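Please open the structure in a viewer and keep the sequence beside it. The tour below proceeds by successive selections.

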Amino acid sequence: MRMRKKKHGESRLSACSEFLFDFDGTPMTDPASRMGMPGAKVFLEIGAGKGGFAVKMAQKHRDAAYFAMEKVTDCVVLAAEKAKSVREGEIKNLKFVIDTADNLSKIFENGTVDEIFLNFSDPWSKLGYAKRRLTHKRYLSLYLNLLKDGGRLTFKTDNDGLFDFSLIETDEMGIVPDRVTRDLHNSEYMAENVMTEYEKSFSDMGKNINMFSFVKPVGFQIEIDESLRRDRKVYYPENIKNKT
Ligand SMILES: C[S@@+](CC[C@H](N)C(=O)[O-])C[C@H]1O[C@@H](n2cnc3c(N)ncnc32)[C@H](O)[C@@H]1O
């Protein structure tokens with residue numbers, strides 16, 4: 001998402017500091033407790049944009065600790081202001097994490113997240129850019145490690161090509177989605193759907209919305225070829241084997 005630099009971004013952000021995640025440099029072993037909600041479910045959105053989905057989800061699931069990651073600070077300015085504009089003190093379970101998905105394992109300990117949401121991730125359509133897609137195997141393996149056994153990941157996109165790519169990546173990881181639709185808004189899953197900003201504008205244009213969702217199988221482990229670590233070679237997802 002390209003955005004013009006927000007005027008007074010720093011001061012606007014600090015005015016909403018209650019919605020900003022304060023990273024202490026070590027991965028969280030208990031993210032819900034860090035939000036003052038011990039025992040709560042942990043939801044993680046990656047690429048939260050202007051925060052519409054995060055704010056609505058935090059309101060809908062008040063008993064869950066909701067972390068919304070977004071790498072563009074100016075988006076977080078708008079997102080945090082959106083959260084603050086809801087009646088004073090109403091949202092207590094939402095923090096925006098200003099960082100990139102590449103740093104997820106530095107922020108969350110493995111096996112600490114109940115649900116992950118990827119909404120309208122950038123398609124990176126050009127040849128040679130597949131590795132940047134947030135549903136590339138190298139990211140999927142990160143997410144699978146973060147999820148608890150039985151945890152769920154849900155992905156939505158308007159982009160049919162990215163959807164096909166993501167289904168193939170998932171399949172190659174040995175994961176079978178239990179919910180798949182190429183027309184979310186006319187599907188059985190619509191009743192519990194929460195719309196994002198991108199979703200609304202694409203759907204207003206008449207575009208079908210794709211969605212898949214899967215559960216991490218109990219005992220699922222990602223096996224990384226250790227010789228690659230030893231040799232300090234570049235880490236390629238092709239060297240990942242999964243086992244259940
Ligand atoms: C196309 S926008 C979608 C925004 C929002 N999810 C929606 O549906 O309205 C994709 C968002 O993902 C963010 N993003 C892309 N790559 C990211 C990464 N590696 N880590 C965190 N955020 C990322 C972008 O900055 C952008 O705000």
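## A tour from the sheet to the ligand

Begin by selecting phenylalanine 117 and threonine 154, the latter being the bridge partner of the former in β5. Helices and strands are DSSP runs numbered from the N terminus, a helix being H or I with at least four residues and a strand E with at least two. The model is a predicted one, in which local features need pLDDT of at least 70 and side-chain atom pairs count only at pLDDT 80 or more, whereas totals for chains, interfaces and linings use all residues. Residues are numbered from 1 along each chain as its sequence is written, and side-chain values use heavy atoms, with hydrogens and water left out.

Extend the selection to strand β4 (residues 113–119), which runs parallel to β5 and is joined to it by 6 bridges; strands pair if DSSP finds at least two bridges between them. Next, follow the chain from β4 through helix α6 (residues 137–146) to β5, a right-handed β-α-β crossover. Right-handed here means that, with the strands pointing away from the viewer, the path from the first strand over the helix to the second runs clockwise.

On β5, now add strand β7 (residues 210–215): these two strands run antiparallel, with 6 bridges between them. Leucine 153 has phenylalanine 214 of β7 opposite.

Colour β5 by accessibility: 8 of its 11 residues are buried (under 20% relative accessible area; exposed is over 50% and partly exposed in between, with a 1.4 Å probe and protein chains only). Select lysine 156, which belongs to β5 (residues 147–157). Its relative accessible area is 3%, so lysine 156 counts as buried. A polar atom of the lysine 156 side chain lies 2.7 Å from the backbone oxygen of valine 194.

Turn to the ligand and show its surroundings: 17 residues surround it, the closest being Gly47, Glu70, Ala101, Thr196 and Tyr198 (a heavy atom within 4 Å). Show distances from the ligand to the backbone. A ligand nitrogen is 2.9 Å from a polar backbone atom of alanine 101, and a ligand oxygen is 3.5 Å from one of glutamate 197. The protein covers 96% of the 590 Å² of accessible area that the ligand has on its own (Shrake-Rupley method, 1.4 Å probe).

Finally, select glutamate 109, in the loop between α5 (104–107) and β4. Glutamate 109 is partly exposed, with a relative accessible area of 34%. Display aspartate 30 as well: the two residues are 79 apart in sequence, yet their C-alpha atoms are 8.1 Å apart in space.

Terms used: A polar contact is a pair of N or O atoms within 3.5 Å; within protein, one must be able to donate a hydrogen and the other to accept it, and residues adjacent in sequence count only if both atoms are side-chain atoms.
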